[in-house]
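Please follow the structure below from its secondary-structure elements to the contacts that join them.

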Amino acid sequence: MKNYINYTKVLFLLLSLGLVSCELETSPTDAMEKKEVFKTVSGSEKVLNGSWGQLMETFNSYANPGFGSFLRASDAMGNDVVLQTNKYGFGSHYQFNALYGKGGTNSLSWSLAYKTINNMNNILANIDEAQGDGGERRRVKGQAYALRGFMYLHLASSYAFAIDHNPSALTAPIYLEPTTAKSQPGKRATVTEVYNQALKDLEEALVLIPEGYVRAQKFQFDNNVVLGLLARANLYARNWEKAKEYSDRLLVKNDYLMNEIEYKSGFNDVNNREWIWGHPQTPDQSDASYQFHFLDVTSKDSYYYSFNADPYFKDLFEDGDYRKSMINWAPDPGADLAKASVVWMRYGKFKFKAGQIADIVLMRTSEIYLINAEAKARLNDGDAINKLNAVKQARNAALATNLSGNDLLEAIWLERRKELFGEGFSLVDIVRNQKAVVRKKYEQSKVEYTYVVRDANGNEETITKLMTANGHYALNFPDQSPFVANSPYYLYQIPAVEERENPNL
């Protein structure tokens, strides 16, 4: 923790509250400025918003676009994403030799989480004495707890196996006070302790953030976001009653599921009514949009279009489900079709807006329905299948019938794969449910691809030709062993520099 402490003792990225675009002021503050910024509630809110911008917009490479890189890594390491060969970004994750190597995404995950935690600790240490409106003080304090809890949830779900695999497994340190150059680096806490800290922070946030608070932008923590995070965190921690309670409470307030037109609009706009939480982008602040170069596999604006679907993934959808119509074989966007010879299964879920920007989705109502369904299935609550079918009905999918017990749970997990594809849940779900990654080689070497060409006079000709079809090519771990449950290849690793400089680990 020594490097982290020495760095963060002087670094605060402040966000101007007057700028709708949330532009970051990247000048470090000295110790006196640090002391001054926390004298007022508005100063603490600048640190809060600046820390959020730092978390979401900080790169250590173009393959690691802020917190979104952890979401992209989760899907790249799962069952359903096929990384296009010879394209930049996340290929090493797809082949399970990125996280295990302790660099890159590991380093960014660790540093961003603890920088954010330390900034929140500074807010919480000073907010009670800060000058300003008492109601605003409570709200900012609650949002600081929420962001710290969100970071501890990330650590708990990324650096350890499922909590019931080994509740005493050591994972990451817990820091609840601001660090200084004299602070001692911490020992690793157990996965149970880290989950409990996340839950404690989020519950404190729920008390402090007024239920009637109307946020200015959708990245900010309000009552709905905190309820959703509590539902998610309790599900991961296997507290079924609490997961049910918090998801029930949220669905009473917001049960909207987007329609087909909205679903096909590109998953790029925080104004979508189903988005509970998201990170907005503007032409002036759009670094996080870079991850759409991986996610967007159908637009000519996309550089890499690498997050393609497993061909067998399409078979999971029933005919009539409009999500199925969005998954099709296609060559690279913008390719010369006369010369193209290779196709990938393209899922047209994510699309850039004009100007190569796109908002980042962090929580949707559909996730809350599926959390509620899973928690109720665990509790043998008959409403579980109703919540599953609410999502399926919204997507025009065949409804589930006569399911209970493990069969119902499997149906819910399958629906999570279909509904939340590309949103960062794949590996997290595999780990928390103690599953193994499942990938199968696509056996059909050629498929027909049909396209239309127009001559100078506007006459059309339909052409069909055979092209090479691509599916999964990473079918085992780097040591050639088969995919299994509870493999260390699935987990984030503590960075090597932390291991060297923190003798208390």
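Helices (H or I, at least four residues) and strands (E, at least two) are DSSP runs, numbered from the N terminus. With those elements in hand, glutamine 356 can be placed in the loop between β7 (342-347) and β8. This is a predicted model, in which local features need pLDDT of at least 70 and side-chain atom pairs count only at pLDDT 80 or more, whereas totals for chains, interfaces and linings use all residues. Residues are numbered from 1 along each chain as its sequence is written, and side-chain values use heavy atoms, with hydrogens and water left out.

The backbone of glutamine 356 has a phi near 55°, a positive value in a residue other than glycine. Its relative accessibility of 28% makes glutamine 356 partly exposed, where buried means under 20% relative accessible area, exposed over 50% and partly exposed in between (1.4 Å probe, protein chains only). Asparagine 396, found in the loop between α15 (384-394) and α16, also is a residue other than glycine with a positive phi, here near 60°.

From the loops we turn to charged pairs. Side chains of opposite charge can pair when their charged atoms come close. A salt bridge is counted when a side-chain nitrogen of Lys or Arg lies within 4 Å of a carboxyl oxygen of Asp or Glu, and a search of the whole structure finds 37 of them. In one of these, glutamate 419 pairs with arginine 364, with the closest N and O atoms 2.9 Å apart. Because glutamate 419 lies in helix α16 (residues 405-419) and arginine 364 in strand β8 (residues 360-364), the pair ties together parts that are 55 residues apart in sequence. Both glutamate 419 and arginine 364 are buried.

Helix α16 also supplies glutamate 410, whose side chain meets that of lysine 435 in a salt bridge (2.7 Å, N to O). Lysine 435 lies in the loop between α17 (426-432) and β9 (446-454) and glutamate 410 in helix α16, so this pair ties together parts that are 25 residues apart in sequence. Lysine 435 is partly exposed at 31% relative accessibility, and glutamate 410 is partly exposed at 32%. Glutamate 410 and glutamate 374, separated by 36 residues in sequence, are 9.5 Å apart in space, C-alpha to C-alpha.

Within helix α16 itself, lysine 418 forms a salt bridge with glutamate 415, the closest N and O atoms lying 3.5 Å apart. These two residues are 3 residues apart in the helix, and so are separated by about one helical turn; lysine 418 and glutamate 415 are both buried. Salt bridges that share partners join a set of residues into one network, including Arg364, Glu415, Lys418 and Glu419.

Two packed helices are described by the angle between their axes and the distance between the axes. Helix α3 (residues 41-57) packs with helix α6 (residues 105-126) at an angle of about 175°, their axes being 10 Å apart. Axes here are lines fitted to C-alpha atoms, for helices over the stretch in contact, with angles running from 0 to 180 degrees between N-to-C directions. The two helices, α3 and α6, are therefore roughly antiparallel to each other, a term for angles over 145 degrees, while those under 35 count as roughly parallel, 65 to 115 as roughly perpendicular and the rest as oblique. In the contact (heavy atoms within 4.5 Å), α3 contributes residues including Val47 and Leu48, and α6 residues including Leu112 and Met120.
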